[in-house]
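These are my notes on the model, set out as numbered points. Please read them with the structure open.

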Amino acid sequence: MEPASHFMVLRRYWRLLAGCTAAALIIGLLLTPAVDTVDNGKWQCKVAITPVAGSGEAVRADQVLSYAAGSDVTTAAAKKLGVTDVAALAARRSVSAASTQMLTVTVTGPTQHGCADTAAAFAEAIINGYSQESAKSAGESIKRLEAQAATQQEQVNKFQQQFSAAKPIDQPKLQPQLTAALASLTKTLTAISDLQNVSQTDAIQQWGSIDAKEAGGNLLSSPNRGVRLALAVVLGLALGVVAALMLSRMDTRLRSRNAVEEAFNLPVIGEIPQLSRRLRRLRDPLVVARPSDPGTEAFRSLRSTLLLTGPPALAAQLADGNLNPAELVSRRLAQPAPVILVMSGRSGDGRTTTVANLAAALAETGREVLVLDCDFRHPQAHVQFGVGEGPGMAELLSGEQLPELDDLIRRTNVDGVHLITGGNTTAYPAALVLRAGEVLRRARRHADVVLIDSSPLLHANDAYDLVRHADAVLVTMMAGNVTPEQADRVSELLSRTGVPVAGVALLGTFGPSGRRNRDGGHGGGQPGVPGPAGTLQQQREEPRHRASPTWARRAPSPSVPPTVESATGGHEGELR
């Protein structure tokens, strides 16, 4: 997908992007504190603790580790640092056994100096606390050993007395007992001496200096609330972009010119840019209300293309305007007006909007245009032309009242355009359309061009019954409103009628999509002008070499512009 296509996808799903961004921002506001926090993990300091040389087996690593992880050490460190939140201080330190003879205390902090002070405080608390515990334990052991030594001394004294009082012949028998008692006393006294030495010195010590380094915080751990919220917005926007691209991949609805031409097997003869909500609310056709708008130029381009490729009667040279009413009637009897049926596959495809603006664009060329609203299920043409409701096609076709065509033709707010409204439908719509042949023959004598607005082809059969009375068909389609299957069904239904199809008017585009260079594609006689449109049956059967009906091969009259304007009228940069 090209970058421009990505931009179009994001523009199409802008509501999804906004929703994801807003959701991420709200979640960020709920999950982050209202004020900036302190990053206690910015600096990391490590200090090693080992037994004092000569302490021997008196210091056990598991005992030191157990004591260092206790609450007494944290309380002592907090007291030295003047910190009241002991739990927060405990969360910033960890103790692990680096080896059987070394412990490592790791502390985090917001600054290097504060982190080093905290590590030193924990090391001092561990060394002093464990040394005090060791001295206390040694003192208790000394007392127990002193009592044991006193008992042993009494035994030694007793054995010495017995040895002295014994006969020389019996002394060898008492010598082993005296020797054993003296050895036990000596061992006890040695243990007492060792414990006294341990109690007078620290059992453990700090090994080396404190190792301080910056932990290297990132945006994910940033303490600044604004940074975190900005990150949440970026993540939400990224999620929205991914979701939009995935939805675009799964969405098979037709949006581009090439996709529409491939699905309908018809040329796109007009691309109408998407209109803003303000323009869609206008009570007059865009061609009249905004003559210089890019959308107006697109409808004029559609008119010019239709004049070039439509029936000969549509492109016939007009009179000079000096004909009297009798001569005008005579001319229209000799040259009946062509009937153009504007239809769509689904509702919401811009059919009525196209009829109104195409009628206004044709009226700009001096033609008298008669619009027939044959959408009996949801007539809206009177709204586009600012005409009130009243009797119309329903009454005319049913023959209930006002059978004369002149009595039903009403002026509109567009010069040169007249309208017969849909009327008040009481009969079954399909029954009304079956009587349309005679009415259309009479309507041809009241204008230079007759445009018919019909019901959606895939929703009702009215349009299909009207096709056989038309000289040409113009299919309208709103970008993103039709699937390839629906387009193929419309193409199949039209191919059975044998009525020439001028092409497709693609509405709601974000810009001209261009045309791929294809050999034998929608060929034409000159660059920029679509080739002549034959019947849809010919187009379906001969996609590469299209046969053109007689009226399509006729050269356009001098009154028709030699080239067809771009679908955006040269105002691509002005599209909104």
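1. I start with one residue. N265 is buried, with a relative accessible area of 18%, which is under the 20% that counts as buried. N265 sits in the loop between α9 (257-264) and β5. Its phi is positive, about 60°, although N265 is not a glycine. The model is a predicted one, and the backbone angle at N265 is to be read as part of that prediction.

2. Now the chain as a whole. It holds 22 helices and twelve strands. Of its 576 residues, 44% count as buried. About 29,100 Å² of the chain is exposed, and carbon and sulfur atoms supply 54% of that area. Among contacts between residues at least 6 apart in sequence, 81% join residues at least 24 apart.

3. The loop of N265 leads to β5, which belongs to an open sheet of eight strands with mixed pairing. The strand order in this sheet is β5-β12-β11-β6-β10-β7-β9-β8. The edges are held by β5 (268-273) and β8 (410-411); each has a single partner strand, so one side of each is left without a neighbour in the sheet. Helix α12 (residues 294-309) packs on the sheet and touches β5, β6, β11 (472-478) and β12 (501-509). The direction of α12 makes about 170° with that of β5.

4. At the β8 edge, which strand is joined to β8, and by how many bridges? Two bridges join β8 to strand β9 (residues 417-420), and the two strands run antiparallel. R411 has H418 of β9 as its bridge partner.

5. Strand β10 (residues 449-453) deserves a separate look. Why can β10 be called largely enclosed by the rest of the structure? Five of its five residues are buried, so the strand is largely enclosed. V449, L451 and D453 point one way from β10, whereas V450 and I452 point the other way, and all are buried. In general, side chains in a regular strand alternate between the two faces of the sheet.

6. In the sheet order, β10 stands between β6 and β7. Strand β6 (residues 339-344) pairs with β10 in the parallel sense over four bridges. Strand β7 (residues 369-373) also pairs with β10 in the parallel sense, over five bridges. V450 of β10 is the bridge partner of V339 and also of L370. D453 of β10 is the bridge partner of V342.

7. What of β6 itself? Six of its six residues are buried, and the strand is mostly covered. V339, L341 and M343 point one way from β6, while I340, V342 and S344 point the other way. β6 is joined to β11 by five bridges, and these strands run parallel. Across that pairing, L341 stands opposite V473 in β11.

8. The model has another open sheet, made of four strands in the order β2-β3-β1-β4 with antiparallel pairing. Its edge strands are β2 (93-99) and β4 (204-214), each of which pairs on one side only. Neighbouring strands here are turned by 20° against each other on average, direction ignored. Strand β1 (residues 43-51) pairs with β4 in the antiparallel sense over eight bridges. W43 has E214 of β4 as its bridge partner.

9. Among the helices, α6 (residues 112-165) allows a check on length. At 1.5 Å a residue, its 54 residues should span 80 Å, and the end C-alpha atoms are 77 Å apart, which agrees. T111 caps the N-terminal end of α6, with a side-chain oxygen 3.1 Å from the backbone nitrogen of G114.

10. Last, a glycine in helix α8 (residues 225-250): G236. Is G236 buried or exposed? G236 is buried, with a relative accessible area of 4%. Leaving aside neighbours within four places in sequence, G236 is in contact with C20, T21 and A24. T21 is 215 residues from G236 along the chain, but their C-alpha atoms are separated by 4.4 Å.

How values were computed. Residues are numbered from 1 along each chain as its sequence is written. This is a predicted model: local features need pLDDT of at least 70, side-chain atom pairs count only at pLDDT 80 or more; totals for chains, interfaces and linings use all residues. Side-chain values use heavy atoms; hydrogens and water are left out. Two strands pair if DSSP finds at least two bridges between them. Axes are lines fitted to C-alpha atoms, for helices over the stretch in contact, and angles run from 0 to 180 degrees between N-to-C directions. Buried means under 20% relative accessible area, exposed over 50%, partly exposed in between (1.4 Å probe, protein chains only). Contact means heavy atoms within 4.5 Å. The expected span of a helix is 1.5 Å times one less than its number of residues. A polar contact is a pair of N or O atoms within 3.5 Å; within protein, one must be able to donate a hydrogen and the other to accept it, and residues adjacent in sequence count only if both atoms are side-chain atoms. Accessible areas come from the Shrake-Rupley method with a 1.4 Å probe; for residues, only the protein chains shown count as cover.
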